[in-house]
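Colleague: Could you take me through the reasoning behind the labels you attach to helix packing and ring pairs, setting each value against its cut-off?

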Amino acid sequence: MEHLTESQINEDMSLKNHSPDKDTNMEPPTSPRHRKVLARWLPDESQRPIVDEAPVFSPSLEEFEDTLAYIEKIRPLAEAYGICRIIPPPTWKPPCRLKEKTIWEHTKFPTRIQTVDLLQNREPMKKKPKSRKRKRRRNSRMGSSRRRSGSVSASSPSKSASSPEAEEKFGFNSGSDFTLEEFERYAMYFKKAYFEKKDSVGETKWTPSVEEIEGEYWRIVEQPTDEVEVYYGADLENRVLGSGFYKKADSDMDQYVVSGWNLNNLPRLPGSVLSFEDCDISGVLVPWLYVGMCFSSFCWHVEDHHLYSLNYHHFGEPKVWYGIPGSNATALEKAMRKHLPDLFEEQPDLLHSLVTQFSPLVLKDEGVQVYRVVQNEGEYVVTFPRAYHAGFNCGFNCAEAVNVAPVDWLAHGQNAVELYSKETRKTSLSHDKLLLGAAYEAVKALWELSASSVLKENTTNLRWKSFCGKNGTLTNAIQTRLQMEEERLADLWRDSSSSLVKMEKDFDSNTERECSSCFYDLHLSASGCKCSPEEYACLRHSDDLCSCEEKDRFVLVRYTMDELRSLVRALEGEMDDLKIWASKVWGTEHSDENQNKTGSVINEEKKLEEGSFDLNIDLELDYHEDLKEEVSTSGELTASDNFDVLVEPINLGFLVFGKLWCNKHAIFPKGFRSRVKFYNVLDPTRMSSYISEVLDAGLMGPLFRVTLEESPDECFFNASVQQCWEMVLQRVKDRSTNLGLPTLSRFKSINGLQMFGFLSPSIVQAIEALDPNHKLVEYWNHKNQTHSESKDHFMPSNCSKGKLFGVDLM
């Protein structure tokens, strides 16, 4: 990518030779792109605010490897400032895909026009006559002030400029469409013209410092003398320019594609509860791009649901940020309401629109703690929960941002949805779904760690364990939510006797369920009535739903209060409750293969009698069998039907005689291990070996584990052999989508029995030999009933004779 010279800028941007592009969104001739920059820098009237700097962190290479662990490490030091800067190790140089010629020179993106001098000093739209000039304007070089015939709020750039709603709210007009090359040219032209400073010969040989730009910016905002309009390519969705980070691996950039610091990966990293959100919410789970020029602004705001945010500066001139700690959020809102009463009277939710700037110095005078960050190219800025932040750009640059939700965010997220309910504000996420998703994951981790005799500890499980226990972060979040539900149900039943009904598991799977009064999410509970089967309310607004008799009204609950209390105890480490919740999480209640397993956990059946066979003798058979012709037990086209499944038996194990250790399709020996190749969950472009194992989960019977051999931390557990491999398949599909890889038709489904080797003829025969007396009744009864089919299924013509673990194969 070539950078423009000063002569090129002057030639391309001179008013005489400059002609508008064809697709400038029908901007009028008076738009900033089509007229000279006549406003000028007034250095003597600088209004630069003097505020303390936010902390700066420089992680080592080792610290930089685990993104969430590092954020967790600096949080105790940085959260009190609300904002901080992270300077990556010198070797962190991710290539920017936006600099590819096809994107840089040919891909257009939309912009907004920001009138910087009106970001703070403006009158309410309803009170302002069209012909009235601005109060603080003097020596206007741009003519009289114009009230927009219609404006678009920052949060809704696509809204029609002539709509009645737009007439009533101040916002940003749609601007030209630019390529990055065109935007850089205009941005450099604007900055050069605005800060023009000539020496005695009349030539410009000077560039303003960040501090000088900052002083001039706040002069324009607080004491404007001229109209200053700039463009900002803000909130650019993935479909516009795409991400600045590469998603698809090339040999020289693998580390950047898979890194947690790649913002495409960050939201769903293990340990971020956003990983339990199924939808790709743009701007929250999918990064947005920001292409700025000098004075383009991001006004005071807080992230949706009070999430963390991470912003990466890809290239260009610095961004200046201001942030406050989350504990000062109410104080900031109070100060702005005090100083801008007319604007808040006209628009009470003014801060939601991201169109109002306010001096950090005035906030500081009002007792609000304000801190400053200057973000340079290649650096990250982190904002913490409910930390208001604002800022501006010093010149042409490009940054990218996304949200993330470590477990410690849950308490802040709970406060956010309660606040949204009071403000009758729609939510972007189901907080309860994320909360329960985190709890389920923690239950899995605790259960796996409790079986330490057969399951090795890994960093992911240990991290989840650290959030549990009495007074653990996650335990407290579930406990807080439980107390809310108990209080609300008590209040509801104090005045009525609505029946309690168990919520269907997929109640909100395909339809967004929210309170008809306050938009509160209804994942955990909902009030309903027979009169309106598709309309529900939260527990606090049950009476607002309708005026029907109590006999027609009901309350849906996903879990009873006793079940939620049991979940709290499970997270605290109570084994009886952990067993019950492990059975729920592993899905055994809904598994055809293990339909009686939950009962065995709850009723604590007698211990199972173990067999004493030990046939783990040296392998004497070429086990690489072509199973392409084998029949899937479901009869469906599966992922494993589309390529040769070569299952290598490692350890046959020994039998445990009990109804949980087989089903009608297979016998599951304890300690069984096999190896098979499948698409790598970290890099689906290549095949890797997985180890499939049958472990002993005590009263729950067998627990199936699949581990990526080259990366043991990538392991999958389930009480169902089918669901275990489906988890692997889902990870491969998700990773393929994240990397922009095509999803193959073979990814439609997978056969878990086949991937373990339980349909491989040689392995089946060896396992059957462990049970000569046919004690595993369910399996043998089904085999005898379908004897002829079984013969065809298990004896393909290409099966060679030999021995497997000492068993003669026929």
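Modeller: Let us begin with two helices of this predicted model: the axes of α13 (residues 431–450) and α16 (residues 561–572) come within 10 Å and cross at roughly 45°.

Colleague: What makes α13 and α16 oblique to each other?

Modeller: The crossing angle is roughly 45°, and angles count as roughly parallel under 35 degrees and as roughly perpendicular from 65 to 115, so α13 and α16 are oblique to each other. Their crossing is left-handed, and the residues that meet there are Leu436, Ala439, Ala442, Val443 and Leu446 in α13 and Leu567, Ala570 and Leu571 in α16.

Colleague: How do α13 and α17 cross, and which residues make the contact?

Modeller: The axes of α13 and α17 (residues 575–585) come within 9 Å and cross at roughly 120°. Roughly perpendicular ends at 115 and roughly antiparallel needs an angle over 145, which makes α13 oblique to α17. This crossing is left-handed, and the contact is made by Tyr440, Val443, Lys444, Leu446, Trp447 and Ser450 of α13 with Met575, Leu578, Lys579, Trp581, Ala582 and Val585 of α17.

Colleague: What places a charge over the ring of Trp581?

Modeller: The charged end of Lys584 sits over that ring, 5.4 Å from the centre of the ring of Trp581, where the distance cut-off is 6 Å. The charged end of Lys775 likewise sits over the ring of Phe657, 4.9 Å from its centre.

Colleague: How many aromatic pairs does the rule give, and why is the pair of Trp92 and Tyr256 called edge-to-face?

Modeller: The count comes to 44 aromatic pairs. For Trp92 and Tyr256 the ring centres are 4.9 Å apart, with 6.5 Å as the limit for a pair, and the planes stand at 65°, over the 60 degrees required, so the pair is edge-to-face. Trp92 lies in the loop between β3 (83–86) and α4 (101–106) and Tyr256 in helix α8 (residues 254–258), so that this pair links parts of the chain 164 residues apart. Both Trp92 and Tyr256 are buried.

Colleague: Why is the pair of Phe672 and Phe758 given its label, and how do you know whether these residues are buried or exposed?

Modeller: The ring centres of Phe672 and Phe758 are 4.9 Å apart and the planes are at 40°, neither under 30 nor over 60 degrees, so the pair is tilted. Buried means under 20% relative accessible area; Phe672, at 1%, therefore counts as buried, and Phe758, at 3%, is buried as well.

How values were computed:
Residues numbered from 1 in each chain as written. Predicted model: local features only at pLDDT ≥ 70, side-chain atom pairs only at ≥ 80, totals over all residues. Heavy atoms only, no water. Phe/Tyr/Trp six-rings, centres within 6.5 Å; stacked < 30°, edge-to-face > 60°. Helix = DSSP H or I, 4+ residues; strand = E, 2+ residues; numbered from the N terminus. Buried < 20%, exposed > 50% of the residue type's maximum accessible area, 1.4 Å probe, protein only. Lys NZ or Arg CZ within 6 Å of the ring centre and 35° of its normal. Axes fitted to C-alpha atoms, helices over the stretch in contact; angles between N-to-C directions. Left-handed = near helix turned anticlockwise from the far one by under 90°. Contact = heavy atoms within 4.5 Å.
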